[in-house]
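Work through the exercises below with the structure open. Try each task before you read its solution.

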Amino acid sequence: MKNINSHRVFHRNQKEPDTGGKYVVYWMQSAHRLHYNFALEYAVGWANKLDKPLLLYEELKNDYPWASDRIHTFYLEGMQEIRDYCREHNHNYLSFVEEEPETNKRAYLEMLRNACCLVTDEFPVYFIRERNRWLGEHLDIPVYTVDNNGLIPLGLTEKDPYNAYFFRKIMQRNFVEAYTHPPKQNPLEELKNREEIDIKSLRKKLPTRGEIPEEIPKFINELPIDHEVKPLEIKGTRQAALGKLGRFVQYGLPEYDEKRNDPDESKVSGLSPWLHFGKISEHEIVQTVLDHQPKGWDLGDISFNKGSTGGFFNGDPNIDGFLDEVITWREVGFHFAHHRPDYAEFESLPDWALETLRDHKDDPREWIYSYEELENAQTHDEIWNAAQRQLRQEGIIHNYLRMLWGKKVIEWTPDPQTALEYLIELNNKFAIDGRDPNSYSGIFWCFGRFDRAWQERPIFGKVRYMTSKSTRRKVKLKKYLDRFGDQQALL
Ligand SMILES: Cc1cc2nc3c(=O)[nH]c(=O)nc-3n(C[C@H](O)[C@H](O)[C@H](O)COP(=O)(O)OP(=O)(O)OC[C@H]3O[C@@H](n4cnc5c(N)ncnc54)[C@H](O)[C@@H]3O)c2cc1C
């Protein structure tokens, strides 16, 4: 990886590979896919260099924050698909699905006992961030975390980007190089040593068998996780993600720019759940979308635009609009969190936002709602309640309404810190794409992160505000309110 992709690899300790080990391990922690995966490619490189087989490892524990039937089901469906693929293609795959509390650590330490080195995913938030640090500090073998998250490698930025414009400039300067060095479509094809690892014996040494259940509902019913957050209709598989992308390119993309803000129109991609679980890579989304540029368009048409939106790809404006979301807006949050361990703390807001929110902390609020009232969509505002119902039912909120949903909570809680706490809880508990760098960038954006100061007003100070009244005027909501409005039951 002697190109832009060298900025993707983080050697977490200065250890040398144990050549006496039996295999190289690739542990899928956030990029749960076997295609278009830089970390897997890197692991295959080590296996080939050391002439060892490769062990693919996935685990699901029970005590992760916000563990629920919803997340467990989506995750297990994805694991089943990977397991079946590995069976079919004779790849060495080990799962550990935790049944008894706190056994996962014993399982992965056992699995790593005979490893030459560990390659895993770089992910800048949630327990994975902490676990990667721990692994680097405690293992006696080399730990490499490889950034699979987006187009612009995390190691390329030197500090946290303070807004999208700043990051967009970096993106525009590096886009062509990053785009022309994509991950390989099927890195496992290049694996030389195809020796079979004795998974059966390895499994016997684990605290429990750890196999992926066939009947997910029955299995999760017994687990100490939140059973009130119900599974979704969408499937956590790569196949579902590719289907979603295909339909979006055909039906959503051609009208994305004009209609993406209308909840009634469904012109957005809906890809964030699969992006979050790494079922699909951003590179392949960008490739698929650029393949739909008008005839005659090529990379030579791209022109550096000093960080402005539009006028960069110079093809179909719908593609410009969509790629600005999927590259700039998605990745700015990853780069921010990568440089800022305090990404989830109120104090990480820009100084101007902290100051103005403090100045208005004691402003009177017309409505104050408890966490339970918000969770149960019991406010006076029908649009907000509808967004909260969609979140509970579908694990997602339409993009435009998600902004309104976040902003309103600032208005309806005693102070901004409480609003932040409630929003993180609601989002990460119910959203299937939650617990992601974009969860934090979206929520903190409501408080001023990546934004600028606006005209001063009560409660918000100089932080941008939004109203349900103007939302009702601006976007099409009729069908949305029929589905999720106050006359509907709370599921
Ligand atoms: C309060 C709040 C909370 C949010 N929580 C999350 C979250 O938990 N997980 C999450 O992935 N996104 C979150 N977002 C960002 C955004 O709302 C979603 O990414 C988007 O709605 C996903 O829908 P889509 O896939 O149809 O988007 P599309 O419009 O089809 O965009 C494609 C992709 O681009 C990225 N993207 C689009 N808009 C944004 C944005 N504003 N910021 C960052 N990335 C973006 C996403 O990866 C998305 O899947 C949040 C935003 C707000 C305001």
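**Exercise 1. Locate Ala377, describe its backbone, and decide: buried or exposed?**

Step 1. Ala377 sits in the loop that links α14 (371-375) and α15 (382-394). The model is a predicted one.
Step 2. Read the backbone. Phi of Ala377 is positive, near 55°, and the residue is not a glycine.
Step 3. Apply the cut-off: buried means under 20% relative accessible area. Ala377 has 5%, so Ala377 is buried.

**Exercise 2. Do the same for Glu102: which loop holds it, and is it buried or exposed?**

Step 1. Glu102 belongs to the loop between β4 and α3 (104-112).
Step 2. Its phi is positive, about 60°, and again the residue is not a glycine.
Step 3. The cut-off for exposed is over 50%. Glu102 has a relative accessibility of 62%, so Glu102 is exposed.

**Exercise 3. Place strand β3 among its partners, then find which way its side chains point.**

Step 1. Take β2 (residues 23-27). Strand β2 runs parallel to β3, and four bridges join the two. In this pair, Tyr26 stands opposite Leu56 of β3.
Step 2. Take β4 (residues 92-97). The pairing of β3 with β4 is also parallel and spans six bridges. Here Glu58 faces Ser95 in β4.
Step 3. Sort the residues of β3. Leu54, Leu56, Glu58 and Leu60 point one way. Leu55, Tyr57 and Glu59 point the other way.
Step 4. Check burial. Seven of the seven residues in β3 (residues 54-60) are buried. That includes Glu58 and Glu59, one on each side.

**Exercise 4. Describe the shell around the ligand: which residues, which elements, which domains?**

Step 1. Count the shell. There are 23 residues around the ligand, and Tyr256, Ser269, Gly270, Asp433 and Ser439 come nearest.
Step 2. Sort by class. The shell has 10 nonpolar, nine polar and four charged residues.
Step 3. List the polar distances. A polar side-chain atom of Ser439 is 2.7 Å from a ligand oxygen atom. An N or O atom in the Glu325 side chain lies 2.9 Å from a nitrogen atom of the ligand. For the side chain of Arg402, the distance to a ligand nitrogen atom is 3.3 Å.
Step 4. Judge the cover. On its own the ligand has 820 Å² of accessible area, and the protein covers 94% of it.
Step 5. Map the elements. α10 (272-276), α12 (317-339), α16 (399-411) and α18 (437-446) each give two or more residues to the shell.
Step 6. Map the domains. Domain 2 (238-339) and domain 3 (346-484) each supply at least three residues of the shell.

Methods
Residues are numbered from 1 along each chain as its sequence is written. This is a predicted model: local features need pLDDT of at least 70, side-chain atom pairs count only at pLDDT 80 or more; totals for chains, interfaces and linings use all residues. Side-chain values use heavy atoms; hydrogens and water are left out. A residue is near a molecule or strand if one of its heavy atoms lies within 4 Å of it. A polar contact is a pair of N or O atoms within 3.5 Å; within protein, one must be able to donate a hydrogen and the other to accept it, and residues adjacent in sequence count only if both atoms are side-chain atoms. Accessible areas come from the Shrake-Rupley method with a 1.4 Å probe; for residues, only the protein chains shown count as cover. Ala, Val, Leu, Ile, Met, Phe, Trp, Tyr, Cys and Pro count as nonpolar, Asp, Glu, Lys and Arg as charged, and the others, Gly among them, as polar. Domain bounds come from an automatic or database domain assignment. Buried means under 20% relative accessible area, exposed over 50%, partly exposed in between (1.4 Å probe, protein chains only). Two strands pair if DSSP finds at least two bridges between them.
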